[in-house]
Amino acid sequence: MEVPHVHPGPASRELLLLQGNHRSSYIWDGQCLCPRRIDNMWEFIRDHPLHPRIVIRLQDAGFYEIIEIARLQFDWALITVMIERWRPETHIFHLPIGEATIMLEDIEVLFGFPIDGLLVAYSHALRGYKGVHYLHMLQQLTGFQPSEVIALSGVSRLQLMPVLQNLEAMDAEITDASPAEDIDRHTRLLLLLMFGGVLFPNTSGNLVSLRFLHHLERLDDLLSYSWGATVLGYLYRQMCRACMGTQRDVAGFLPLLQKLQYTGEGATTLHGYGRRVIDLAAETLRHARDDKSLGYEAAYVPP
């Protein structure tokens, strides 16, 4: 089969000033992005079904719908294609079929996160906090404090594994007669696991920011915050990082990016475009295996 010529684009760089270091300049390397998918929360829920009282608390806080949707099987080749078409200059996917982006309404409709309300901002009261202060707040709100300070990364980020291990120990003690304080502590710790492993994962693959504890102090107030805007803004930031240079990692709430391609207006066309690009790249690299002039050996495995 003859491989058609494909212009790498963009046709004009008048607005796309970062093209020189954009991932699309390296598209012919055939390298898929490496996911930062942390399955700690899903494995915990699978092995330890949530107590009805915990479920009610999560529903009241507005975070249970993401658990009902459950873990999605990601198509990393398709996500890679979308990142290659993401432009940090405009926060838009530039496609041959037109331009598209992810809106606040998308995350509200698809995942139920509120998009109106207070900003999820870094509290001024925490600016002077050090690691020991965050650990004290963690112990006060969740009843859990890591036995070793090495569980901290930097000043405010905690490894997820100690959180998971403590959740497993707490789960056996949750009953219908458990005090409301124990239910709230368990819920806060589960939300930390959700923040670090699902909603705000980073390229470390195993850390959560303890700065969220400030917002988890009053669980009844969680619905008053615009979590949808926060999750979307964080995903934008991670996509902007992933689309530049030779980045190999991508993080953020990727279920939003993938699910958007299968729902909403134009989703069928968008998905079809993504598959065509993948098929073309696979065919190009199959030819490249025998083309010594390219100077490298392609090892791309098509999905």
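## Sheet S5-S6-S7

Two strands are taken to pair if DSSP finds at least two bridges between them. In this predicted model, strand S6 (157-159) and strand S7 (207-209) run antiparallel and are joined by three bridges, so they meet that criterion of at least two. Within this pair, Leu158 has Val208 of S7 as its bridge partner. Helix H7, which spans residues 160-171, packs on the sheet and touches both S6 and S7, and the direction of H7 makes about 60° with that of S6.

The sheet as a whole is open and consists of three strands in the order S5-S6-S7, with antiparallel pairing. Its edge strands are S5 and S7, each of which pairs on one side only.

## Ser156 in the S5-S6 loop

Ser156 belongs to the loop that lies between strand S5 (152-153) and strand S6 (157-159). Is Ser156 buried or exposed? With a relative accessible area of 8%, Ser156 is buried, because the cut-off for that class is under 20%.

The side chain of Ser156 makes a polar contact with the side chain of Arg211, at 3.5 Å. When neighbours within four places in sequence are set aside, the residues in contact with Ser156 are Tyr134, Val208, Ser209, Leu210 and Arg211. Val208, which is in this list, is also the bridge partner of Leu158.

## Sheet S2-S3-S4

A second group of three strands forms an open sheet in the order S2-S3-S4, again with antiparallel pairing. Strand S2 (86-87) and strand S4 (98-100) stand at its edges with a single partner strand each, so one side of each has no neighbour in the sheet. In general, the strands of a sheet pair through backbone hydrogen bonds, in either a parallel or an antiparallel manner.

S2 and strand S3 (residues 92-95) run antiparallel and are joined by two bridges. In this pair Trp86 stands opposite Phe93 of S3, while Arg87 stands opposite Ile92 of S3. On the other side of the sheet order, three bridges join S3 to S4, and these two strands also run antiparallel; here Phe93 stands opposite Ala100 of S4. Phe93 therefore appears in both pairings, opposite Trp86 and opposite Ala100, as the rule that pairs strands by bridges allows.

## Hairpins and the turn at His91

S2 and S3 form a hairpin with four residues between them, whereas the hairpin that joins S3 to S4 passes through two residues. His91 is located in the loop between S2 and S3, and has a positive phi of about 55° although it is not a glycine. As a general rule, most residues other than glycine have a negative phi. At a relative accessibility of 33%, His91 counts as partly exposed.

## Helices H4 and H5

Helix H4 (76-84) is mostly covered, since eight of its nine residues are buried. The buried residues of H4 are Ala77, Leu78, Ile79, Thr80, Val81, Met82, Ile83 and Glu84. In the loop between helix H3 (65-69) and H4 lies Ala70, which is partly exposed at a relative accessible area of 32%. Ala70 and Ile45 are 25 residues apart in sequence, and the distance between their C-alpha atoms is 9.7 Å.

In helix H5 (residues 104-111), the buried residues include Ile107, Leu110 and Phe111. Viewed down the axis of H5, its buried residues fall within an arc of 80°, so they line one face of the helix. An α-helix has 3.6 residues a turn, so residues three or four places apart point the same way. H5 is followed by Gly112, which has a positive phi near 80°.

## Packing of H2 against H8

The packing of two helices is described by the angle between their axes and the distance between the axes. For helix H2 (residues 52-61) and helix H8 (residues 180-199), the angle is about 65° and the axes are 10 Å apart. The crossing of H2 and H8 is right-handed. From H2, the contact is made by Arg53, Ile54, Arg57 and Leu58, and from H8 by Ala180, Ile183, Asp184, His186, Thr187, Leu190 and Leu191.

Methods. Residues are numbered from 1 along each chain as its sequence is written. This is a predicted model: local features need pLDDT of at least 70, side-chain atom pairs count only at pLDDT 80 or more; totals for chains, interfaces and linings use all residues. Side-chain values use heavy atoms; hydrogens and water are left out. Buried means under 20% relative accessible area, exposed over 50%, partly exposed in between (1.4 Å probe, protein chains only). The arc is that of the directions from the helix axis to the C-beta atoms. A polar contact is a pair of N or O atoms within 3.5 Å; within protein, one must be able to donate a hydrogen and the other to accept it, and residues adjacent in sequence count only if both atoms are side-chain atoms. Contact means heavy atoms within 4.5 Å. Axes are lines fitted to C-alpha atoms, for helices over the stretch in contact, and angles run from 0 to 180 degrees between N-to-C directions. A crossing is left-handed if the near helix is turned anticlockwise from the far one by less than a right angle, and right-handed if clockwise.
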